[in-house]
Amino acid sequence: MGEAPERPVALTMGTAGHVDHGKTTLVRRLTGTDTDRLEEEHRRGISIVPGYAELVLPGGRRASLVDVPGHERFVKNMVAGSTGVDAFLLVIAADDGVMPQTREHLDVLRVLGVERGVVALTKIDAVDAETVELARLEAEEFLEEAGIRAPVVPVSGVTGEGVDELLAALDDLAGSPAARPSSGLARLPVDRAFVLKGVGLVVTGTLWSGEIRVGDTLYTGSGLRARVRGIQNHGRPAEVAYPGARTALDLAGVEAAEIGPGEVLLSRPVPATGLFDARLRLLGSARPLRHGARVRLHHGTRSVNARVRLRGGGELEPGEEVYARVRLEEPLVVLPKDRFVLRSLAPQVTIGGGTVLDAAPAGRRPDPEWLEALESGDPARIVPRALARAGGGMSAGELALVLASEPEEAASAAGRVPGVVRAGSLYALRETVEEAKGRLLEALRRRAREHPESPELSVAGARRATGLPDSLADALIEELSGGEVRVSEQGLSLPGAAEIPPELEEEARRILEDLRRAGHEPPSMEAGPALGLLLRRGEVVRVGERMYAAREAAGRVMEEIKTVCREEGGISLARLRDRLKTSRKYAQAWLEHADSQGITVRTGDVRVLTRRHR
């Protein structure tokens, strides 16, 4: 029989706890995998970077274990490992009990929204039954103080005692996992990047969402594109990487120096941001956080310095929450609903964290009504406000970034919101579109009244008349074309505006007759609708300022100029004056007209024919 097909991971668990409480030993007992993969880790006996292992649960479901570091110096890597996990496996040694790093690890997990899990009370082989019972009671009290309900299972990673009970508890947890979208945007925060001889650039990470397949193109926040040549899930070749899986990708199209730990790979371009608005929560054990404080922010596999500006200023007291604007010192790819952790710079301890609400905020400070709408997750509240803030239309992709959903889902949600209409590929408020439509139609009516000979507005003029961004204005014009608006090569007009009033036609006829009689000595005239109509039809040409001539007269003069130039090599102003038996004024106007038409070019005091007319 061949290998069973790769299946999605049912649960991604972070194994957290204090140093030397037996996490790695327990994971080895459960999975057969030694997650201490660095020589330094074996030498020092502690985990420095997150280790990963796959666990097949009794019910047949697959779980991914992330063995995060326990030593206080390596909390940064603990945060990177814990980001993206569904549940925790908190390890507490029966001979030590709850320790400071145990508390900090649980704080980090809670800040990241991970509140489901199992507590493994390890090293029960090293103590008597009474000590085990006291440690169990302490662990339960610790969980109660944190407001978390989780089973506490005594176990020994050395002898295997209690392992079956622990596996059963983990299997129960995997039976109702947190939702991890298997479709839509794929996001892989990179924790390692290296060049493998004979393979090329390889990156590893835990896939947050979506799926990645061989042949896919992935993007970075800085716009780089990489093609997936190969995939491994937990060390096994695969065609698909599923959410929650420990994933290694063989990439082409990028250099090794261009992608490193902390980068994020995405299935479609998402711009990085330098600031975002969030709901911020300070841990009860933290000191008050002042407005404008500088902190260390952890998101995915990245950590950057940031400055926190609290709504309302002042200080945030321990255990309290507030809206805040976070200004990053280095850009990150963040999306609404993402969790992040904050640590103080000195001393370096976890102080809180929060949830991203607006990844591209506008204005000088957070808008509470807007952020409340985002927190609600209700498209009926979010979409109209987003469109009003945009000042025009938004595509399904742009709405998806606000709603933290896929473009198809955003389009469906927007289509159900009262007062929202679709114009082309854009969504906008009906009120916005109707007002813009009214402005455009009024501008076209005014153009038809003032210029009946040329009732069209240029496309640029029509865009300006709507008062909308170009993309939405174009969508509105496209929607109106063929109905309320006529679109031609000349521009936009009202359907009936092309009909010339009889009185205008009569005036144009009289002017044309006068110009034909005047020949090459046309009278001075002010431009007006009737003259404009003749110009548009090509029956009259503009010779100079306030000088217009019939087309036939202009043609005769241009032929005269060509003839003289061909016979004599060029023509001067005096020669044309004499040839036409006219004044200097008219001769100069006709020569300048010939220049403007590309018939002649001036050389000194004479004109010669251009190459095209020789």
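In this predicted model, Ala306 finds its bridge partner in β22, where it is matched with Leu328. The pairing belongs to a wider match between strand β20 (residues 302-310) and strand β22 (residues 321-332), which run antiparallel and are joined over five bridges. Both strands are part of a closed barrel of six strands, arranged in the order β17-β22-β20-β19-β23-β24 with antiparallel pairing. From one strand to the next, the twist averages 40°. As a helpful reminder, strands of a sheet pair through backbone hydrogen bonds, in either a parallel or an antiparallel manner.

Two helices can be placed against these strands. Helix α4 (residues 100-111) lies across β17 (273-282), β23 and β24, and its direction makes an angle of about 140° with β23. Helix α7 (residues 368-376) lies across β17, β22 and β24, running at about 90° to β24.

The loops offer some backbone details worth a look. Between β23 (339-343) and β24 (350-358), the loop contains Pro347, and the peptide bond leading from Ala346 to Pro347 is cis, with omega near -5°.

Positive phi values turn up at two residues that are not glycines. Lys123, in the loop between β5 (117-122) and α5 (129-146), has a phi of about 60°. Its relative accessibility is 23%, so Lys123 counts as partly exposed. Ala404 sits in the loop that links α9 (396-403) and α10 (407-415), and here phi is about 55°. Ala404 is likewise partly exposed, because its relative accessible area is 32%, a value that falls between the limits of 20% for buried and 50% for exposed.

Notes: Residues are numbered from 1 along each chain as its sequence is written. This is a predicted model: local features need pLDDT of at least 70, side-chain atom pairs count only at pLDDT 80 or more; totals for chains, interfaces and linings use all residues. Side-chain values use heavy atoms; hydrogens and water are left out. Helices (H or I, at least four residues) and strands (E, at least two) are DSSP runs, numbered from the N terminus. Buried means under 20% relative accessible area, exposed over 50%, partly exposed in between (1.4 Å probe, protein chains only). Two strands pair if DSSP finds at least two bridges between them. Axes are lines fitted to C-alpha atoms, for helices over the stretch in contact, and angles run from 0 to 180 degrees between N-to-C directions. Contact means heavy atoms within 4.5 Å.
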